[in-house]
Amino acid sequence: MRISHLQALADIVLGDPEALALAYHETITGAEPVFESNAARGRFAVALKAVGMATDAARFQAAFTKLQQAAGRKDKPVEPACRDCGSTNLTRDAFAGWDSDTQQWVLSAIYQSTTCHACDAESDDLCRWKPIKNPPDELLSQASQ
Ligand SMILES: [Zn+2]
């Protein structure tokens with residue numbers, strides 16, 4: 001049994017729906033872990049999904065949907081542009097909390113409220129997502145893996 005299988009088993013035992021969703025996503029997308037056959041991969045995926053759904057169906061599905069969206073974005077990178085002026089110089093409101101372990105401020109929440117620094121527009125509905133025409137090389141190499 002490979003280390004990655006053991007990690008997935010640990011996730012199952014711990015029953016964390018986000019970790020289970022990640023293990024399920026990696027199993028069905030074929031990135032990791034490595035299996036002897038597609039049938040073995042399929043059985044493992046079914047087991048992960050069953051435990052994830054039994055643990056907390058809503059959190060499992062939400063985490064899995066997020067992973068799928070992130071994977072889709074990696075294939076076709078996008079960037080937010082201002083609804084009003086088209087600028088990509090946008091920021092979102094966020095909170096940072098102090099992490100005593102790492103001794104630094106850590107991002108704890110990102111809100112919908114977006115500000116355009118070109119035209120000063122501010123709205124929860126300011127972003128228009130557009131494909132990046134010439135994505136950076138590292139995004140292309142990640143997408144082809
Ligand atoms: Zn703008």
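Let's start with a cysteine: Cys-116 is buried, at 0% relative accessible area. Keep in mind that this is a predicted model. Cys-85 sits differently in terms of solvent, since its 41% relative accessibility makes it partly exposed. If you're wondering about sulfur bridges, a disulfide is a covalent bond between the sulfur atoms of two cysteines. A search of the whole structure turns up zero disulfides.

On to the charged side chains. How many salt bridges does the count come to? The answer is six. A good one to look up is Arg-59 with Asp-16, where the closest N and O atoms are 3.7 Å apart. Arg-59 belongs to helix α3 (residues 38-75), while Asp-16 is in the loop between α1 (3-14) and α2 (17-29), so this salt bridge ties together parts that are 43 residues apart in sequence. Both ends see some solvent: Arg-59 is partly exposed at 40% relative accessibility, and Asp-16 is partly exposed at 31%.

Stay on Arg-59 for a moment, because it also forms a salt bridge with Asp-56, with the closest N and O atoms 3.9 Å apart. Here the partners are three residues apart in helix α3, which means about one helical turn separates them. Asp-56 is partly exposed too, with a relative accessible area of 26%. Zoom out a little and you'll find Asp-16, Glu-18, Asp-56 and Arg-59 linked in a network of salt bridges.

Another salt bridge joins Asp-84 and Arg-83, and its closest N and O atoms are 3.1 Å apart. Arg-83 comes out as partly exposed, at 35% relative accessible area.

Now for the rings. The whole structure holds five aromatic pairs. Take Tyr-24 and Phe-60: their ring centres are 5.9 Å apart and their planes meet at 45°, so the pair counts as tilted. This pair links distant parts of the chain, with Tyr-24 in helix α2 and Phe-60 in helix α3, 36 residues apart. Are these two rings buried or exposed? Tyr-24 is buried at 11% relative accessible area, and Phe-60 is buried at 2%. Ring pairs also bring in Phe-64, giving a cluster of Tyr-24, Phe-60 and Phe-64.

Finally, have a look at the tryptophans. Trp-98 and Trp-105 form an edge-to-face aromatic pair, 5.3 Å centre to centre with 70° between the planes. Trp-98 is partly exposed, at 43% relative accessible area, whereas Trp-105 is exposed, at 60%.

How values were computed. Residues are numbered from 1 along each chain as its sequence is written. This is a predicted model: local features need pLDDT of at least 70, side-chain atom pairs count only at pLDDT 80 or more; totals for chains, interfaces and linings use all residues. Side-chain values use heavy atoms; hydrogens and water are left out. A disulfide is a pair of cysteine sulfur atoms within 2.5 Å. Buried means under 20% relative accessible area, exposed over 50%, partly exposed in between (1.4 Å probe, protein chains only). A salt bridge is a side-chain nitrogen of Lys or Arg within 4 Å of a carboxyl oxygen of Asp or Glu. Helices (H or I, at least four residues) and strands (E, at least two) are DSSP runs, numbered from the N terminus. Rings of Phe, Tyr and Trp (its six-membered ring) pair if their centres lie within 6.5 Å; planes under 30 degrees apart count as stacked, over 60 as edge-to-face and the rest as tilted.
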